[in-house]
Amino acid sequence: MKIAIVNGPNLNLVGQREKEIYGEQTFESFIAKMDQEFGGVEFVYLQSNVEGELINFLQELNKQGDVKGILLNAGGYTHTSVALGDTVAAMAKPVIEVHLSNVFQREDFRHVSYIGRSTIGTISGFGMESYVLGIIKLLNA
Ligand code: DQA
């Protein structure tokens with residue numbers, strides 16, 4: 001059984017970028033840790049800075065029978081992308097919106113999500129643990 005983790009723009013810089021907001025851990029080390037902790041799960045991971053690549057990947061995941069669900073951190077596209085929102089709306093699989101930071105404690109423009117109307121829920125503000133909580137939810141979904 002597979003769980004997909006899809007990260008949008010600038011999330012490749014986590015570990016170097018604004019560490020006071022996003023923490024020190026890189027996604028490479030986090031995914032390796034998840035592989036160990038959740039032995040029966042195969043994690044499929046994509047990070048892209050390109051909106052169309054995220055859309056194509058999500059459409060492909062939606063066709064794959066063994067993908068149980070998707071954790072999507074669309075980064076800045078969360079707050080701007082009608083197209084990504086439409087992609088998520090078209091998906092049959094459960095999608096959880098995930099953020100490292102608590103977007104509601106930050107600038108007003110981060111309080112808007114084009115993704116959230118079509119997800120089963122949003123987890124925001126717990127650093128990498130936001131993803132762990134999302135994995136647990138998808139396993140129980
Ligand atoms: C983010 C929050 C977004 O507002 C921001 O643009 C990001 C990261 C988060 O994980 O906290 O790039 O999605």
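In this predicted model, R106 is a buried residue, its relative accessible area being 17%, and its side chain meets that of E107 in a salt bridge with an N to O distance of 3.9 Å. E107, by contrast, is partly exposed, with a relative accessible area of 36%. A salt bridge also joins E107 to R110, where the closest N and O atoms are 2.7 Å apart, and R106, E107 and R110 are thereby linked in a network of salt bridges. In general, side chains of opposite charge can pair when their charged atoms come close.

R110 is placed in the loop between β4 (95-99) and β5 (121-124). With a relative accessibility of 17%, R110 counts as buried because this value falls under the 20% limit. When residues up to four places away in sequence are left out of account, R110 touches Y22, H79 and V103.

These three residues, together with R110 itself, also belong to the surroundings of the ligand, which further include R17, N73, G75, G76, H99, L100, S101 and R106. Polar groups approach the ligand at several points: an oxygen atom of the ligand is 2.8 Å from an N or O atom in the side chain of N73, and an oxygen atom of the ligand is likewise 2.8 Å from an N or O atom in the side chain of H99. For S101, a polar side-chain atom lies 2.6 Å from an oxygen atom of the ligand. Of the 310 Å² of accessible area that the ligand has on its own, the protein covers 97%.

Helix α2, which spans residues 27-37, has F27, F30, I31 and M34 as its buried residues. These residues lie on the same side of α2, because the arc that they cover around the axis is only 95°. In an α-helix there are 3.6 residues a turn, so residues three or four places apart point the same way. The cover over the buried residues of α2 includes β1 (2-7), β2 (42-47) and α5 (129-140), whereas the exposed residues E28 and Q36 are carried on the face turned away from the buried side.

Helix α2 also contains a salt bridge, in which the side chains of K33 and E37 meet at 3.9 Å, N to O. Because K33 and E37 are four residues apart in α2, about one helical turn separates them. K33 counts as partly exposed, its relative accessibility being 40%. In total, the structure holds seven salt bridges, among them the pair K33 and E37.

Methods:
Residues numbered from 1 in each chain as written. Predicted model: local features only at pLDDT ≥ 70, side-chain atom pairs only at ≥ 80, totals over all residues. Heavy atoms only, no water. Buried < 20%, exposed > 50% of the residue type's maximum accessible area, 1.4 Å probe, protein only. Helix = DSSP H or I, 4+ residues; strand = E, 2+ residues; numbered from the N terminus. Arc of directions from axis to C-beta. Contact = heavy atoms within 4.5 Å. Near = heavy atom within 4 Å. Polar contact = N/O pair within 3.5 Å; in protein donor to acceptor, adjacent residues only side chain to side chain. Areas by Shrake-Rupley, 256 points an atom, 1.4 Å probe, with all protein chains shown as cover. Salt bridge = Lys/Arg side-chain N within 4 Å of Asp/Glu carboxyl O.
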